[in-house]
Amino acid sequence: MAEDSVGEFIRKQVGGEWDEEAIATARFKAFSGQRTDWEPKYLFWKNLILDVARHLNLFIINPFEVKQSWFHRGGLTPLCLDQVLVQMCKDGDIVCMEDLLDPTSSHISILFRRALKIVRRPAPPDESLLESPLILMPLLKEKSADVVKILSQNHWTPSCIITKEMFQALCGGPNEASSILSYMSECGKARYIFIKKAEVIEGIKVSLSNNPVPRLMSLDYDVLHLTWTIERLQKQLDVIDQRYANFRSSAMTSLGCGNRITSVKHVREMKMASQSREKCILLLNRVEEVLSVIVNAESTKKVSEAIQIGARAMKENRISLTEVEHCLQELDEAVDSQKQITSIIELSQSNADIDEESIEEELLKLELEVVSEDVEPSTRKDELIAERKGNICTSLCDNISKLSISDTSTDSHGVPHLKNMEGSGQSELEAA
């Protein structure tokens, strides 16, 4: 399926020339003579390799797959592809994965490797490099820029710290993440960071501006730990939501089969999952609040610069300090109002324990949903309502029978006026 997609893409890129026998035969031949003789053919294959890899969203390629799958034509493969790949390596457009910098090495090792790379002249590449995966550097740079762009949309600070798992998800996999991190570390745009606890917590500090990534500080480790905790809590929330959905489905199935005892059990488990979710959300909000405070604290380093810029802007635009304070006061009042509304909503949420009444209410809702899916929903719904009314009538009759005889009037023979009592009971039933 991938080969068909590549073939269609190549025909769109190259046009009708791809199927013309004479032109294709000339392009499939090996290079010969001086570079000026095969330069146009080399540029054709180089650009086509980059275009196909970009179409497939790849920057790590397998040379064997490129030769045997991408450009086969009628059972033939280009004889010049090995020469094209080697020449791209000489020009710096291709790098072997083994030659990449280890992103987990220390900062001193990275500096030493840079100096060694400048002093020592690397050996000229040969066809032996085609035995291992190759990295297309132009596409690696594009992918790195895309990762930074995505992070910039979610962070407003000059740099950010994310977990290794999140970085791998953005890059498209472990190998891609390792290659991108190696390139960004060598360019001074990213740094590897880790914490040794019960399990090793790994993360990446990425520069989101044109400046190099700042050096690691003790605060960065706290940010990494909090970010990792938020991701773990989010995963736990997903698990709880899935469990809740499974319990609800089981309760609906049990009600449909008439097994009320099993359905009550599943409803109780639903309530327990709901309480666990509330606790998890509460903890998640607290961790996010702490992380927000730390991130905001980083920006206070430039408060002095901001004040100076603001003062200069006020002077240039002739804005008085009184007007600014008035605007800030209005903003504070709006923020306070929003906080009061939020606190009222939070207080209105009940944290009571699971009781039988709440289970009965939830069970009634599920019963009505099951009723709506039955063949004769109106009949079953009437039965449920009649059953509920019967329970109410029984309860009222029990209450009437428990009334003290002293609270009722009697006739001259000491017999209570049952007519009045019956009338009262009937009115209660009608009210119910």
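**Notebook: salt bridges, cores and a hairpin**

I began with R54, which forms a salt bridge with E142; the closest N and O atoms are 3.1 Å apart. R54 belongs to helix α3 and E142 to helix α7 (residues 137–154), so the pair ties together parts that are 88 residues apart in sequence. The model is predicted, and side-chain atom pairs count only at pLDDT 80 or more.

I looked up the exposure of both partners. R54 has a relative accessible area of 39%, so I list it as partly exposed. E142 is also partly exposed, at 36% relative accessibility.

I then asked which residues are linked with R54 and E142 in a network of salt bridges. The answer is D51, which joins R54 and E142 in that network. For the whole structure I noted 8 salt bridges. As background, side chains of opposite charge can pair when their charged atoms come close.

**Second entry: bridges that involve α10**

I took D220 and K205 next. Their side chains meet in a salt bridge, at 2.8 Å from N to O. D220 sits in helix α10 and K205 in strand β6 (residues 200–207), so this pair links distant parts of the chain, 15 residues apart. Are D220 and K205 buried or exposed? Both are buried, which means that each has under 20% relative accessible area.

R277 forms a salt bridge with D241, and here the closest N and O atoms are 2.6 Å apart. R277 is in helix α11 (residues 260–299) and D241 in helix α10, with their positions 36 residues apart in the pair's separation along the chain. I recorded R277 as partly exposed, with a relative accessible area of 32%. D241 is partly exposed too, with a relative accessible area of 30%.

I checked the geometry of α10 itself. This helix covers residues 218–256, 39 residues in total. From its first C-alpha to its last it reaches 58 Å, close to the 57 Å expected at 1.5 Å a residue. After α10 comes G258, with a positive phi near 80°.

**Third entry: nonpolar cores**

I listed the largest nonpolar core, which has 56 residues. Which of its residues touch the most other members? They are W45, F71 and F167. Helix α3 (residues 35–55) gives this core its largest share, 9 residues. Why does the core lie between domain 1 and domain 2? Domain 1 (1–123 + 131–138) and domain 2 (139–216) both give residues to it, so it lies between them.

I followed F167 further. Leaving out residues up to four places away in sequence, F167 touches V147, I162, A177, I180, L181, M184 and I204. Another core lies apart from the largest one and holds 18 residues, including I161, I201, L224 and L233. For context, nonpolar side chains tend to be buried together in soluble globular proteins.

**Fourth entry: β5 and β6**

I closed with the strand that holds K205, β6, and its partner β5. The two strands pair in the antiparallel sense over 7 bridges. A hairpin of 3 residues joins β5 to β6. I looked up Y192 and found that its bridge partner in β6 is I204. I204 is also among the residues that F167 touches.

Last, I counted burial in β5 (residues 190–196). Of its 7 residues, 5 are buried, so β5 is largely enclosed by the rest of the structure.

Key:
Residues are numbered from 1 along each chain as its sequence is written. This is a predicted model: local features need pLDDT of at least 70, side-chain atom pairs count only at pLDDT 80 or more; totals for chains, interfaces and linings use all residues. Side-chain values use heavy atoms; hydrogens and water are left out. Helices (H or I, at least four residues) and strands (E, at least two) are DSSP runs, numbered from the N terminus. The expected span of a helix is 1.5 Å times one less than its number of residues. A nonpolar core is a set of buried Ala, Val, Leu, Ile, Met, Phe, Trp, Tyr and Cys residues joined through side-chain atoms within 4.5 Å. Buried means under 20% relative accessible area, exposed over 50%, partly exposed in between (1.4 Å probe, protein chains only). Domain bounds come from an automatic or database domain assignment. Contact means heavy atoms within 4.5 Å. A salt bridge is a side-chain nitrogen of Lys or Arg within 4 Å of a carboxyl oxygen of Asp or Glu. Two strands pair if DSSP finds at least two bridges between them.
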